[in-house]
Amino acid sequence: MNMMNEMAARKEKGFTLIELVMVIVILGILAAFALPRFADFGGDAREASIQGLTGALKSASSISHARQVADGAGLGADVSLDGQTVTMVNGYPTADADGIVAAADVDTTNDYAIAGAAAAGGTAATFTIVGYTGGTCEVVYTAATAATDNTAPITAPPSVVADVSGC
């Protein structure tokens, strides 16, 4: 009987090597499925950044237009927002550094690159994330249009369109 107690006591001392290996294998399998799901948040971050810039451009365009209307200024008159002069065309910011970039206070050195910028009505400026060379991950601001710049009627308001298909 004494021998049975010794065997029972020996079994209760810990896990066998096989049990430990099986636990490690199961944890490895779970990690293999879970890790890819949580490892790459870069795409989500780029998409959120572009969506944030889209909102900023829309707001800046509307605020600039509201300032011009409140000032009773002409369609092409510059406006001042927080001490920053914003150039306007057809009652909204131009699609360049002196227009929408100044109005939205976009950092075109460290955060976003701008391409195709111009001061005329109907021109478009494309903003992309600095250093990102993957797929299409951009926002395009198109200035308001009129038959003749800064002469009523305005034929199309400005547009801000995000494309996050390649973020």
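A residue counts as buried here when its relative accessible area is under 20%. By that yardstick, buried residues make up 26% of the 167 residues in the chain of this predicted model. The surface that the chain exposes comes to about 10,200 Å², and 60% of it is supplied by carbon and sulfur atoms.

On to the overall layout. The chain carries 4 helices and 10 strands. Read from the N terminus, the order is α-α-α-β-β-β-β-α-β-β-β-β-β-β, with three helices at the start and helix 4 sitting between two runs of strands. As for dimensions, the radius of gyration is 30 Å, whereas a compact globule of 167 residues would have one near 15 Å. The box filled by the C-alpha atoms, taken along the principal axes, is roughly 105 × 30 × 25 Å. Among contacts with a separation of 6 or more, 44% link residues 24 or more positions apart. Charge is spread unevenly in number, with 7 positive and 17 negative charges, and the mean positions of the two sets lie 24 Å apart.

Next comes the interior. In soluble globular proteins, nonpolar side chains tend to be buried together. In this chain the largest nonpolar core has 28 residues, and Leu57, Val106, Phe127 and Tyr141 are the ones that touch the most other members. Two or more core residues come from each of helix 3 (42–71), strand 1 (79–81), strand 3 (88–89), helix 4 (97–104), strand 6 (124–129) and strand 7 (138–142). Helix 4 gives the largest share, 5 residues. Val106, one of those best-connected members, touches Leu53, Leu57, Val101, Tyr112 and Phe127, once residues up to four places away in sequence are set aside.

Helix 4 deserves a word of its own. It is largely enclosed by the rest of the structure, because 6 of its 8 residues are buried. Those buried residues are Gly99, Ile100, Val101, Ala102, Ala103 and Ala104. Just past the end of helix 4, Asp105 adopts a positive phi of about 55 degrees.

Helix 3 also holds Thr54. With a relative accessible area of 6%, Thr54 falls under the 20% cut-off and is therefore buried. If neighbours within four places in sequence are left aside, the contacts of Thr54 are with Val139, Val160 and Ala162.

Definitions and conventions: Residues are numbered from 1 along each chain as its sequence is written. This is a predicted model: local features need pLDDT of at least 70, side-chain atom pairs count only at pLDDT 80 or more; totals for chains, interfaces and linings use all residues. Side-chain values use heavy atoms; hydrogens and water are left out. The radius of gyration is taken over C-alpha atoms; the globule rule is 2.2 Å times the number of residues to the power 0.38. Buried means under 20% relative accessible area, exposed over 50%, partly exposed in between (1.4 Å probe, protein chains only). Contact means heavy atoms within 4.5 Å. Accessible areas come from the Shrake-Rupley method with a 1.4 Å probe; for residues, only the protein chains shown count as cover. Lys and Arg count as positive and Asp and Glu as negative; His and the chain ends are not counted. The place of a charge is taken as NZ of Lys, CZ of Arg, CG of Asp or CD of Glu. A nonpolar core is a set of buried Ala, Val, Leu, Ile, Met, Phe, Trp, Tyr and Cys residues joined through side-chain atoms within 4.5 Å.
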